[in-house]
Each structure stands twice: as C-alpha cells, then as structure tokens.
Amino acid sequence: DAVGFIDKMVRPRPNAFMVNCVYPTVFASAMEREVSKDPELTRRVIGLQANASSLCPEDLDEADTLQAEPPDIFAGAMADVHKRFGTRVLGGCCGTDQRHIAALIGKLTDNQKQK
C-alpha cells in the first residue's frame, strides 16, 4: 500500500524502496503476500534494515531490556529474504550489533561458495 501511495503522490516516482525496523520473517510474510498481487515489488523493494527481535512491537515496547534473536538465527532469516526476494541491501536496526552483521556476512558468503 505504501509503495502504491507514494507512486501516486510523487513524480518522478521513486526507483526503489527500503524497509526499516521489522524482523526478517515479518518482512518475508508481507512481501510474499504483496508480491502475489504485484510481482514488480521484488525489483523495487531493494533493501531491508531489520531489527533483531521477532517479538511483536507491543511486546518490544513493554520490554525492560533490548531484545534480540541470536546472530545465527537473524542471519539465516536475512539470507532467506535475500534468496526469496532478491533483496540486496541488507543491514541491521534495533537490537542488531556487529555479531549479527558478521553472521549475516558469513551466511551470505557461505551461500555464494555453495553455488
């Protein structure tokens, strides 16, 4: 909906979009649903700056401490997003740190070696 709205309101329309502060599996579910309606989204949504927790926003708002999935779990979910949707700008947001990014790099380079 956001891409369609922005496309209607802005000229020239943006070439690409990124999504921020959502866990990779939540992003993947939304993309799967929306790409079935508009396959061009895989070309236009080029990036995900994901948070590190799979908790819902309400639970995260109520948390007393920073929540994060283990780096290898985060990296696997991000690599899956890359593989399924061609998302090529990948990074971290809330709860991610150098361990999450290092695990993501490791996962992506391991996947390249296996090809």
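This briefing describes side-chain pairings, helix α5 and its surroundings, backbone features and a surface patch in one structure. The model is a predicted one. A search of the whole structure finds one aromatic pair, and a search of the whole structure also finds nine salt bridges. Helices α2 and α5 are connected through the aromatic pair and also through a salt bridge between arginine 84 and glutamate 32.

**The aromatic pair**

- The one aromatic pair found in the structure is formed by phenylalanine 27 and phenylalanine 85, whose ring centres are 6.4 Å apart and whose planes stand at 85°, so the arrangement is edge-to-face.
- Because phenylalanine 27 belongs to helix α2 (residues 24–35) and phenylalanine 85 to helix α5 (residues 71–85), the pair ties together parts that are 58 residues apart in sequence.
- Both phenylalanine 27 and phenylalanine 85 are buried.

**Helix α5 and the residues that follow**

- Helix α5 has 15 residues and reaches 21 Å from its first C-alpha to its last, which is close to the 21 Å expected at 1.5 Å a residue.
- The buried residues of α5 are Pro71, Phe74, Ala75, Ala77, Met78, Ala79, Val81 and Phe85.
- An α-helix has 3.6 residues a turn, so residues three or four places apart point the same way.
- Glycine 86, just after α5, takes a positive phi of about 70°.
- Threonine 87 lies in the loop between α5 and β3 (89–92), and with a relative accessibility of 0% threonine 87 counts as buried.
- Leaving aside residues up to four places away in sequence, threonine 87 touches Phe27, Val45, Ile46, Gly47, Leu48, Val81 and His82; Phe27 is also a member of the aromatic pair, and Val81 is also one of the buried residues of α5.

**Salt bridges**

- Arginine 84 and glutamate 32 meet through their side chains in a salt bridge of 2.3 Å, N to O, and this pair links helix α5 with helix α2 across 52 residues.
- Arginine 84 is partly exposed at a relative accessible area of 38%, and glutamate 32 is likewise partly exposed at 48%.
- Asp7, Arg13, Glu40, Arg43 and Arg44 are linked in a network of salt bridges.
- Within that network, the side chains of aspartate 7 and arginine 13 meet at 3.6 Å, N to O; aspartate 7 is buried, with a relative accessible area of 12%, whereas arginine 13 is partly exposed at 36%.
- Arginine 13 also forms a salt bridge with glutamate 40, where the closest N and O atoms are 2.9 Å apart, and this pair links arginine 13 in the loop between α1 and β1 to glutamate 40 in the loop between α2 and α3 (41–44), 27 residues apart.
- Glutamate 40 counts as partly exposed, at 30% relative accessibility.

**Backbone features and a surface patch**

- Most residues other than glycine have a negative phi, and most peptide bonds are trans.
- Cysteine 21 has a positive phi of about 60° although it is not a glycine; cysteine 21 lies in the loop between β1 and α2 and is partly exposed, with a relative accessible area of 35%.
- Arginine 11 and proline 12 are joined by a cis peptide bond with an omega of about -5°, and proline 12 lies in the loop between α1 and β1.
- Valine 10 is found in the loop between α1 (2–9) and β1 (17–20), and at 36% relative accessibility valine 10 counts as partly exposed.
- Together with Phe5 and Met9, Val10 makes a nonpolar surface patch of about 320 Å².

How values were computed. Residues numbered from 1 in each chain as written. Predicted model: local features only at pLDDT ≥ 70, side-chain atom pairs only at ≥ 80, totals over all residues. Heavy atoms only, no water. Phe/Tyr/Trp six-rings, centres within 6.5 Å; stacked < 30°, edge-to-face > 60°. Helix = DSSP H or I, 4+ residues; strand = E, 2+ residues; numbered from the N terminus. Buried < 20%, exposed > 50% of the residue type's maximum accessible area, 1.4 Å probe, protein only. Contact = heavy atoms within 4.5 Å. Expected span 1.5 Å × (residues − 1). Patch = residues over 30% accessible without salt bridge, like charges linked within 9 Å, V, L, I, M, F, W, Y side chains within 5 Å. Areas by Shrake-Rupley, 256 points an atom, 1.4 Å probe, with all protein chains shown as cover. Salt bridge = Lys/Arg side-chain N within 4 Å of Asp/Glu carboxyl O.
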